[in-house]
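Reader: Hey, could you walk me through this one? I'm a first-year student, so plain words please.
Author: Sure, take a look and then ask away.

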Amino acid sequence: MSIRAENLVWRVGRKTIVDNVSLRVEQGSVLGLLGPNGSGKSSLLRLLSGLRRPASGRVTLDDADIAHMGRRHLARRVALVQQHAATDVNVTVEEVVRLGRTPHRGPLAAWTPADTLAVETALQQVDMVEFRGERWQSLSGGERQRVHIARALAQQPHELFLDEPTNHLDIQHQLELMRLIARLGLTSIVALHDLNHAAMFCDRLLVLDRGRVVADGTPAEVLTPELLSGVFRVECDFHRPDEQTLHILFRK
Amino acid sequence: MRIALSRATARFALLLLASLAVLVLAVATAVGIGEMRIPLRTVALAVTNQFGWTSADISRIQASVIWDLRLSRALVAALCGAGLAMCGAILQSLLRNALAEPYVLGISAGASTGAVAVIILGVGAGAVSLSMGAFAGALAAFVFVAVLSGGGRGGADRTILSGVAAAQLFNALTAYVVTTSGNAQQARDVMFWLLGSFGGVRWPEFQLLAVVLVFGLAVCVWHARALDAFTFGDDAAASLGIAVERVRVILFAVTAVITATIVSMVGSIGFVGLVVPHAVRFLIGPGHMRLLPACMMVGAVFMVLADIVSRSVMAQQTLPIGIVTALVGVPCFSLILYRARPAA
């Protein structure tokens, strides 16, 4: 068992954002996090990556409570790609990806061949090698997203959390990114809006609604007409060309 | 990539060497000018005499003017410029605000209140010097900001707003004291001190400032990589393994102590801490491992040059240094504002 969360609760003021959420993700599998806007997906990812302390409940990595891990130690295991991470600083693509090496380097340590290898591999994985010298401000939204993912990969994490990573991407890069996540073999949790991507690329799905877990299981178990009309308020048809494949078609 | 990196390193080395050369020349020039003009050669010989390397024949008066009065003043100016520029660079990164500068945490306003408390109200009954009063006032303002912003936990915006509140409060206190109980001469003294002056600084000030700066630079370089990690904000820094709150508190405290030390010695000299970091970033990029030392060198050069200008514009009179740095700084500031426009 790679990551496990038990009865997580998180509140802002009196509003409960994450309400008694438990989950577990097997080593090397991909969990899709679904739910309408405001269902608590981003907040849950922040709790799981230790950026916020839950009001109650706990998160464990291989049975070690992350509340007792040092920040740097945690950052060598867990990488997070946030939804809106912007900057005014005039950095290059390569400088951003190099930030991913921060948890692996001491305050004064020199740059090592291992650091170079991690950065190069990460740039290749997101297909941004030829962009390395580009300025951040000159990139499109999708290119920025891929740089953030490269930065996370340069951390060489065991667990990778992504908050709506396919936002801003064209369809080619959406599919490539989802394939990449599936191929990496990292324990991943991906907040998603695209139900077809969830069906195609995730091993399991967890559906949140107003901070609570309303469904948890394989895509075939979770993605039912009843759930989609109950949680997402949409009517749809299911198209199953074969055992492995599920296409969700939305009605007008 | 190798080539690109080594080019950046070369630029950095070139900037350091060039500013070091200019600094040495500027300090020598600053020592030479004044009511008694002294040629550069004599300045150099007086310094080497002092270290016992040469025994050139220089009049005792010249040697004393050079060593006891002017060299210490020029070197204090250099250290002040270095300290303010470094603090500005750190605060701009930490607060993620291009317009942040060393006084953004209310430090100069606090120092002015401390200074008028000593000069006009006579707090400490003569046992407390103006510098000590200003230092205490500056730290009081910093503590006020630290408490108001929840120890920096409330994020950059809340810290900046707390600094604005502190500056308003302490400036109001200063103005109140000056208008209600100050006589005209005392008010003028305070004004003059606030605008900044290197008159009266000697070796003891240099030694204290050098110790504070060496210690401050060490702490800041130790945290340089952490500052880089703040590029995309607090959460991004935290997810890269930075103990965000601890780093923030340490760096705020270090910049506050450096700034308070400088303000208590020479008054609040504006714009160096705002403009120099932007110029240096433009030249060598945003990485703090290089940015911080480079800012110190360029800040030192800028301040010594400003001091030369302030002493040579008007015969027999020294312009307050704050006026000179502002006159140079405001056009630069306008340029930054213009460049920072949101893209149409």
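Reader: Cool. At what angle do helix H3 and helix H8 of chain B pack?
Author: Helix H3 (residues 60-94) and helix H8 (residues 203-222) of chain B pack at about 25°, and their axes are 10 Å apart. Helices here are DSSP runs of H or I with at least four residues, strands are runs of E with at least two, and both are numbered from the N terminus. The axes are lines fitted to C-alpha atoms, for helices over the stretch in contact, and angles run from 0 to 180 degrees between N-to-C directions.

Reader: Before I go on, what kind of model is this?
Author: This is a predicted model, where local features need pLDDT of at least 70 and side-chain atom pairs count only at pLDDT 80 or more, while totals for chains, interfaces and linings use all residues. Residues are numbered from 1 along each chain as its sequence is written, and chains are lettered from A and ligands numbered from 1 in the order in which they are written.

Reader: Back to the pair. What do you call the way H3(B) and H8(B) lie to each other?
Author: H3(B) and H8(B) are roughly parallel. Angles under 35 degrees count as roughly parallel, over 145 as roughly antiparallel, 65 to 115 as roughly perpendicular, and the rest as oblique. H3(B) passes H8(B) in a left-handed crossing, meaning that the near helix is turned anticlockwise from the far one by less than a right angle; clockwise would be right-handed.

Reader: And which residues meet there?
Author: On the H3(B) side they include B:Leu75, B:Val76 and B:Leu79, and on the H8(B) side B:Trp203, B:Phe206 and B:Leu209 are among them. Two residues are in contact if their C-beta atoms, placed from the backbone, lie within 7 Å. By class, this contact has 13 nonpolar, two polar and one charged residues. Nonpolar covers Ala, Val, Leu, Ile, Met, Phe, Trp, Tyr, Cys and Pro; charged covers Asp, Glu, Lys and Arg; the others, Gly among them, are polar.

Reader: What about H4(B) and H5(B)? How do their axes cross?
Author: Helix H4 (residues 107-119) and helix H5 (residues 130-148) of chain B have axes that come within 6 Å and cross at roughly 140°. That makes H4(B) oblique to H5(B). The crossing of H4(B) past H5(B) is right-handed.

Reader: Who's touching whom in that one?
Author: B:Gly110, B:Gly114 and B:Ala117 are among the H4(B) residues, and they belong to a set that meets H5(B) residues including B:Gly133, B:Gly137 and B:Ala141. The classes there are 15 nonpolar, five polar and no charged residues.

Reader: Zooming out, how many helices and strands does chain B have?
Author: Chain B comes to 14 helices and zero strands. Its C-alpha trace spans about 65 × 65 × 40 Å along the principal axes. The radius of gyration, taken over C-alpha atoms, is 21 Å, which agrees with the value near 20 Å for a compact globule of 344 residues. The globule rule behind that is 2.2 Å times the number of residues to the power 0.38.

Reader: How much of chain B is buried?
Author: Buried residues make up 50% of its 344 residues. Buried means that 20 or more other C-beta atoms, placed from the backbone, lie within 10 Å of a residue's own; exposed means 12 or fewer, and partly exposed is in between. Also, among chain B contacts between residues at least 6 apart in sequence, 75% join residues at least 24 apart.

Reader: And chain A, what's its secondary structure?
Author: Chain A has nine helices and 12 strands. Its radius of gyration is 18 Å, close to the 18 Å from the globule rule for 252 residues, so chain A is as compact as a globular protein of that length. Of those 252 residues, 42% are buried.

Reader: How many residues do the chains use to touch?
Author: 19 residues of chain B are in contact with 24 residues of chain A. Helix H9 (224-229) and helix H10 (234-239) of chain B each supply at least two residues of chain B's side. H10(B) gives the largest share of that side, four residues. The chain B side divides into 12 nonpolar, four polar and three charged.

Reader: Last one: what's the phi of A:Asp62?
Author: Phi of A:Asp62 is near 45°, a positive value in a residue other than glycine. Most residues other than glycine have a negative phi. A:Asp62 sits in the loop between strand E4 (56-61) and strand E5 (64-65) of chain A, and A:Asp62 is exposed, with 12 other C-beta atoms within 10 Å.
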